[in-house]
Amino acid sequence: MDSLADRTHSGEDLPAPLRRSLGRLDRLHELCQQRCRSGPREGPDGLRDTVERHVRELRALAGQPGSPARSGLDADALCAVAAEPPSGAPLTADRLAALARRIPDFDPPAPAPPIGDAAGVARAAAAETHPVVRAALVFRHTAEALGRRLEETGTVPTGPPPHLRPLPWALASLSLLRSDHLPIAADRRIGTRLGAAVGAPSPEARTAALAALFADLQTAAIRARLSSPLHGRAEAPPSALLASALHRRVLVHLRRRTGPLSQVLRQVDPEAAAHVEAADVAEGARLEHCAAAAERALFVTGPGCRWVTLDLRAAGASLELLVAVHDVGGPPTGALAVTASAVMDTPDGPEEVLDPACTDCVTLVPGDSAGDRWPCVEEFVDDAVSRAVDRLARTMA
């Protein structure tokens with residue numbers, strides 16, 4: 001497939017990691033499109049669910065808890081904008097300014113950008129590039145226009161910063177919907193990554209970092225769409241061999257890490273231990289654990305959930321890291337997802353210590369090989385181990 005990731009933005013090549021990420025997203029998007037052709041598209045209820053989740057998560061991310069009435073107003077307005085059929089006409093400055101007036105803001109609201117700034121957003125919305133990069137451009141230009149407006153009017157920013165306001169998110173989602181992509185939904189746990197993206201030193205770096213984040217959010221949204229009920233029959237490409245190969249690699253990798261981890265823990269507690277277990281079927285509490293990890297990553301786990309656990313015990317503290325290789329959707333869709341979660345025993349009961357965002361997941365599609373995707377999975381697993389061990393060490397200290 002000729003990937004849209006091969007296109008450029010502003011005449012400059014996309015960074016190689018972003019290009020690869022967009023290429024994988026294109027293949028996942030095509031899988032989703034094929035599945036949608038086998039049955040009816042998502043109806044208004046599905047769109048409302050997406051928008052209501054976005055409203056909840058953006059409010060939490062921005063520190064703006066709202067009343068049910070206010071939350072419903074936000075969802076109604078955003079659904080009305082998102083449900084408008086694309087006219088094919090470009091998003092002009094006048095239309096963007098009109099849309100900006102229809103999208104509710106947090107209290108106190110930020111002053112609307114002038115028409116000149118809307119023209120800059122319109123040029124971003126017309127950029128010949130990958131839809132996710134275009135959405136990042138629209139988001140960046142909108143947020144920066146809001147920031148300039150605050151400075152020009154001398155308004156004291158008592159509310160959230162511009163990049164946490166509803167308008168940049170809504171216009172970025174509208175840009176994606178016009179390209180037959182899904183709207184982006186915020187996640188309350190992406191604040192650090194989002195802040196780093198909008199604070200990057202150059203416009204190009206800000207666009208690239210936002211596009212990388214939006215690609216991960218789009219991937220989560222597509223996992224959710226693949227998990228939705230399908231009326232009709234669709235044959236899923238086989239994924240069992242790839243799932244088994246990945247599961248085996250994760251198991252071998254974690255077993256190799258138990259020795260060094262045990263040595264580190266035994267410096268604190270001579271009786272410390274690290275132990276690995278694995279199975280290719282999840283049952284009982286394991287199945288519940290896998291389903292909870294899938295829910296956080298916005299998908300429904302299928303009948304195949306292969307798992308590996310790393311159990312760490314030292315100085316009276318215990319932690320279990322679970323890495324799972326899931327079929328996405330039930331029945332399976334051919335996509336796979338690798339998740340990680342860690343549960344620690346505390347005086348108040350079991351606690352999830354990684355608290356992953358919906359973007360903290362590795363997604364694979366038919367045609368991927370274990371060898372090609374292993375570096376991404378290995379980095380993901382190592383990061384989860386590092387964070388889990390750090391939490392255990394802080395508890396022991």
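## Close-up views of a predicted model

**View 1. Helices α6 and α7 pack side by side at an angle of about 155 degrees.** In this predicted model, α6 covers residues 131-153 and α7 covers residues 166-177, and their axes lie 8 Å apart. Because angles over 145 degrees count as roughly antiparallel, this pair is roughly antiparallel. The crossing of α6 and α7 is right-handed. On the α6 side, look for Pro-131, Val-132, Arg-134, Ala-135, Val-138, Phe-139, Thr-142, Ala-143 and Leu-146. Their partners on α7 are Leu-167, Pro-168, Trp-169, Leu-171, Ala-172, Ser-175 and Leu-176. By class, the residues of this α6 and α7 contact are 13 nonpolar, two polar and one charged.

**View 2. Helix α1 meets helix α9 at roughly 25 degrees.** Here α1 spans residues 16-37 and α9 spans residues 203-226, with axes that come within 10 Å. Angles under 35 degrees count as roughly parallel, and α1 and α9 are therefore roughly parallel to each other. The crossing of α1 and α9 is left-handed. From α1, the contact takes in Leu-18, Ser-21, Leu-22, Leu-25, Leu-28, His-29, Leu-31, Cys-32, Arg-35 and Cys-36. From α9 come Ala-208, Ala-211, Ala-212, Ala-215, Asp-216, Gln-218, Thr-219, Ile-222, Arg-225 and Leu-226. Sorted by class, the α1 and α9 contact holds 13 nonpolar, four polar and three charged residues.

**View 3. Helices α10 and α12 cross at roughly 35 degrees.** Residues 240-266 form α10 and residues 370-396 form α12, and the two axes come within 10 Å. This crossing is right-handed. Among the α10 residues in the contact are Leu-242, Leu-246, Arg-249, His-253, Arg-257 and Leu-265. Facing them, α12 contributes residues including Trp-374, Glu-378, Val-381, Asp-382, Val-385 and Met-396. The full α10 and α12 contact divides into 15 nonpolar, two polar and four charged residues.

**View 4. Thr-309 sits in strand β2.** The strand runs over residues 301-314. Thr-309 has a relative accessible area of 2%, so it counts as buried. Leaving aside residues up to four places away in sequence, Thr-309 touches His-275, Val-276, Glu-277, Arg-286, Glu-320, Leu-321 and Leu-322.

**View 5. Cys-305 is buried, while Cys-376 is partly exposed.** The relative accessibility of Cys-305 is 2%, and that of Cys-376 is 26%. Do not hunt for a disulfide in this view, as a search of the whole structure finds zero.

**View 6. Asp-180 and Asp-355 each have a positive phi.** Most residues other than glycine have a negative phi. For Asp-180, phi is about 65 degrees, and the residue lies in the loop between α7 and α8 (191-198). Asp-180 is partly exposed, with a relative accessible area of 37%. For Asp-355, phi is near 45 degrees, and its place is in the loop between β5 (349-352) and β6 (362-364). Asp-355 counts as partly exposed too, at 43% relative accessibility.

**View 7. The whole chain has twelve helices and six strands.** This last panel puts the close-ups in context. Of the 397 residues, 51% count as buried. Among contacts in the chain with a separation of 6 or more, 72% join residues 24 or more positions apart.

Terms used. Residues are numbered from 1 along each chain as its sequence is written. This is a predicted model: local features need pLDDT of at least 70, side-chain atom pairs count only at pLDDT 80 or more; totals for chains, interfaces and linings use all residues. Side-chain values use heavy atoms; hydrogens and water are left out. Axes are lines fitted to C-alpha atoms, for helices over the stretch in contact, and angles run from 0 to 180 degrees between N-to-C directions. Helices (H or I, at least four residues) and strands (E, at least two) are DSSP runs, numbered from the N terminus. Angles under 35 degrees count as roughly parallel, over 145 as roughly antiparallel, 65 to 115 as roughly perpendicular and the rest as oblique. A crossing is left-handed if the near helix is turned anticlockwise from the far one by less than a right angle, and right-handed if clockwise. Contact means heavy atoms within 4.5 Å. Ala, Val, Leu, Ile, Met, Phe, Trp, Tyr, Cys and Pro count as nonpolar, Asp, Glu, Lys and Arg as charged, and the others, Gly among them, as polar. Buried means under 20% relative accessible area, exposed over 50%, partly exposed in between (1.4 Å probe, protein chains only). A disulfide is a pair of cysteine sulfur atoms within 2.5 Å.
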